[in-house]
Amino acid sequence: MPLISPFTTSFMRETEKDCYLVEASFDTEAGPVTGWGESVAMIAPLYSEEYVDGGIAVTRDWLAPRLYEAESLTAETVGWHLRHIVGHPMAKSALEMAVLHAQLLAQGRSFQEYLGGVGAAVPSGVSVGIQDSIPELLRVVGGYLEEGYARIKLKIKPGADLEPVAAVRKEFGDDVLFQVDANAAYTLVDAAHLRRLDDYGLLLIEQPLGEADIRQHAELATLMHTPMCLDESIVSAEAAADAISLGAAAVINIKPGRVGGYLEAKRIHDLARAHGVAVWHGGMVETGLGRAANAALASLPGFSLPGDISGSSRFFHEDITEEIVMHDGVVDVPTGPGFGVSIDEAQLAKFRTEV
Ligand code: OSB
Ligand code: MG
């Protein structure tokens, strides 16, 4: 799916969204039911080790066969059946999501109700890529603020950090909820430089160091005031427990795909909440399918900061489901059965490259 404008992070420049979906069909007493799951793996292994072609291969050859063999498969047992396959959380997540979708549809139940989420809408933040110039950055951020987004997250990297952050603060003032995301672009050697971000009243700094560097994030957290938030490092509830107990994460970005599914994501939410650690819902440029499910998860009470749950129009001219709409700084939590959206087969056919 072509993106409205290129999305640039410290690790890549994306001009189109490439992903795969999982379709899970079941025969039930009431007739056939089909659920859809979306993998958040990217086209290249640059954000995590997973990537689209690898996810398709491991799903076909190793994951799906185990689920075909399972008796009375439920969403709650997908993780159990796949437990001996090491890694591949994004691929596992897409499978669990498809089974969960089918299960909810069969029960006529909404995902929010299943989870115990609360409220009709969730606050909507926007993730802003690295721009080619400061004037361009101010134009882009100004546009999102005008649209009503509740929070701005700016991608940073070495050489594109202090100056753009200072420019956004100067132009839009101290009241804008503003945070940065480095996608693992720095090392602990950069601590003195990163500390200079403390002058800008940021909500948090997301993943300045590497995925494996939980202890080093804890050390960096003692060297700066800006709250430390982890994204890439939180690959499971166990990793979240380690990060919390080491003092590496004052805040956690929860992405269901990165942790193996929505059920593990809820466990991380519950764990963080019990420790008084704030969480917010991350994004992986999902289609309307993933975004709809994300909005339901983000309605759990521990999600106290606006998530990367922007409307379809943030990234796409047209979506493969009903449009996800940001209005008044929020996205409504879908209330219909399943994830509350459906795959538009004609739209899907338009973007489909493989059967
Ligand atoms: O680090 O949060 C990230 C997109 C792809 C990979 C990693 C990240 C992101 C985003 C997108 O920031 C946020 C969104 O989907 O709105
Ligand atoms: Mg991030």
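Begin by selecting N253, which stands opposite W280 in strand 12; the model on screen is a predicted one, with a mean chain pLDDT of 97 and 100% of the residues at 70 or more. For the complex, the predictor gives an ipTM of 0.99 and a pTM of 0.97.

Widen the selection to strand 11, residues 251-254, where V251 and N253 point one way while I252 and I254 point the other way, all of them being buried. On one pairing, strand 11 runs parallel to strand 12 and is joined to it by 4 bridges. On another, strand 11 runs parallel to strand 10 (residues 228-230), with 2 bridges between them, and here I252 is the bridge partner of L230.

Next, add the helices that connect these strands. Strand 10, helix 9 (residues 237-246) and strand 11 form a right-handed β-α-β unit, and strand 11 goes on to form another right-handed β-α-β unit with helix 10 and strand 12.

Now follow the chain out of helix 10 (262-274) and select H275, which lies in the loop leading to strand 12 (278-281). H275 is partly exposed, because 13 other C-beta atoms lie within 10 Å, a count between the limits of 12 or fewer for exposed and 20 or more for buried. A distance drawn from the C-alpha atom of H275 to that of L203, 72 residues apart along the chain, comes to 19 Å.

Finish at helix 11, residues 288-297, which is largely enclosed by the rest of the structure, because 10 of its 10 residues are buried. Among these buried residues, R291 and N294 can be selected alongside L289 and L297.

Notes:
Residues are numbered from 1 along each chain as its sequence is written. Chains are lettered from A and ligands numbered from 1 in the order in which they are written. This is a predicted model: local features need pLDDT of at least 70, side-chain atom pairs count only at pLDDT 80 or more; totals for chains, interfaces and linings use all residues. pLDDT is the predictor's confidence in each residue, from 0 to 100. Two strands pair if DSSP finds at least two bridges between them. A crossover is right-handed if, with the strands pointing away from the viewer, the path from the first strand over the helix to the second runs clockwise.
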